[in-house]
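Trainee: Could you take me through one part of this model up close? I'd like to hear about the nonpolar core, and then a little about what lies elsewhere.

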Amino acid sequence: MEKLQAVRGMNDILPGESARWEFFEETVTRVARQYGYRNMRAPIVEHTPLFVRSIGEVTDIVEKEMYSFEDKLNGEALTLRPELTAGLVRAAINASLTYNGPVRIYSLGQMFGHERPQKGRERQFSQFDVECFGFDGPDVDAEIMILASRIFRELSIPDIRLEINSLGNTDERAAYRAKLIAHYEANLSALDDEAKRRLYTNPMRILDSKVASVIEVNKTAPILLDSLQDESRAHFEGLQTLLREANVAFVVNPRIVRGMDYYNRTAFEFITDRFENPMTICGGGRYDGLFEQLGGKPTPAIGFGMGVERTLLLLDDNAPVASQDAYIVHAGVGATAFASQIAETLRDAGLSVT
């Protein structure tokens, strides 16, 4: 009989590896609670329109990567969640979670993306999320970046670079979009087919292109920060001031746009250069319009997602391994019951015993 294998890109976590996962989970949970965040959990399966409406139809996630299917029982279009934010916002709307005021939450779970498995990104992958619903000032933007920085310190992961940008509001992005389209139209011959396809639907995603000719065109592309008006500019400058006061190092990267359509104003990424190419370990931003977009009341919000697998790649050899406090060896008639009693006594004292 043929031996069954795990689905490609959906990996087993064996006992020898799980201690590192538990160390990560215990660390992020403890830090989140130190900042006053409470745990929230949403289903792994959601209605497909939730992600189409929130993430955006003309994105790689919706167009290429979602695991979507039709429920054979009732014909509903369902999707294995590709990210956490949309489901958490949907749950918050359903439960009127912000009725009595703003809330801080964290969540940890599995996501799914149908793409080629690669280092730190599998088809089933895990994320730690922090979300703040109902806060509109730059202080909470700074707070979640400070929180993420503390997590990396607690995990003893150095050399993580924080890059920030502002995507402005809807009108500012519209003005920028027009400038960007004009720039690309003037350099049409340098665009690859993918960039041309996105030119009039999602031109900001072209800024993420890895094609050499497009990278050259992007070097002279207009910068969104130049399109910001007073309110958005003040928000972004306030964020920078708060990060400096908290001694959190950062650089402004005007090319950060993030992968979902729902972002506005603040966008940020924590990046490592430890691998062959720069890798984003944690990223997020503000999504003030998402509640209303999903049928809720206007609610400012911000959050981030931290890739668990990617973070675990950065843990050094001093990360904990599974261990026991005591082992009991016994022999002889009647020794089994006596050894069991001793083991239970040690466990009552909080020890791990085999």
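Mentor: Here's the core, followed by a surface patch and a loop residue. This is a predicted model, where local features need pLDDT of at least 70, side-chain atom pairs count only at pLDDT 80 or more, and totals for chains, interfaces and linings use all residues. Numbering runs from 1 along each chain as its sequence is written, and side-chain values use heavy atoms, with hydrogens and water left out.

The largest nonpolar core has 84 residues, and F128, F133, L162, I164, L243, F304 and M306 touch the most other members. A nonpolar core here is a set of buried Ala, Val, Leu, Ile, Met, Phe, Trp, Tyr and Cys residues joined through side-chain atoms within 4.5 Å; buried means under 20% relative accessible area, exposed over 50%, partly exposed in between (1.4 Å probe, protein chains only). Helix 5 (residues 138–154) gives the most to this core, with 8 residues; helices are DSSP runs of H or I, at least four residues, and strands are E runs of at least two, numbered from the N terminus.

Zoom in on F304: leaving aside neighbours within four places in sequence, its contacts (heavy atoms within 4.5 Å) include F128, I144, L147, A148 and F268.

Now for F69, which sits in strand 3 (residues 67–70). F69 counts as partly exposed because its relative accessibility is 39%.

Last, S209 lies in the loop between helix 7 (193–198) and helix 8 (212–218). S209 is at 18% relative accessibility, so it counts as buried. Not counting residues up to four places away in sequence, S209 touches V214 and I215. E194 is 15 residues from S209 in sequence, with 8.9 Å between their C-alphas.
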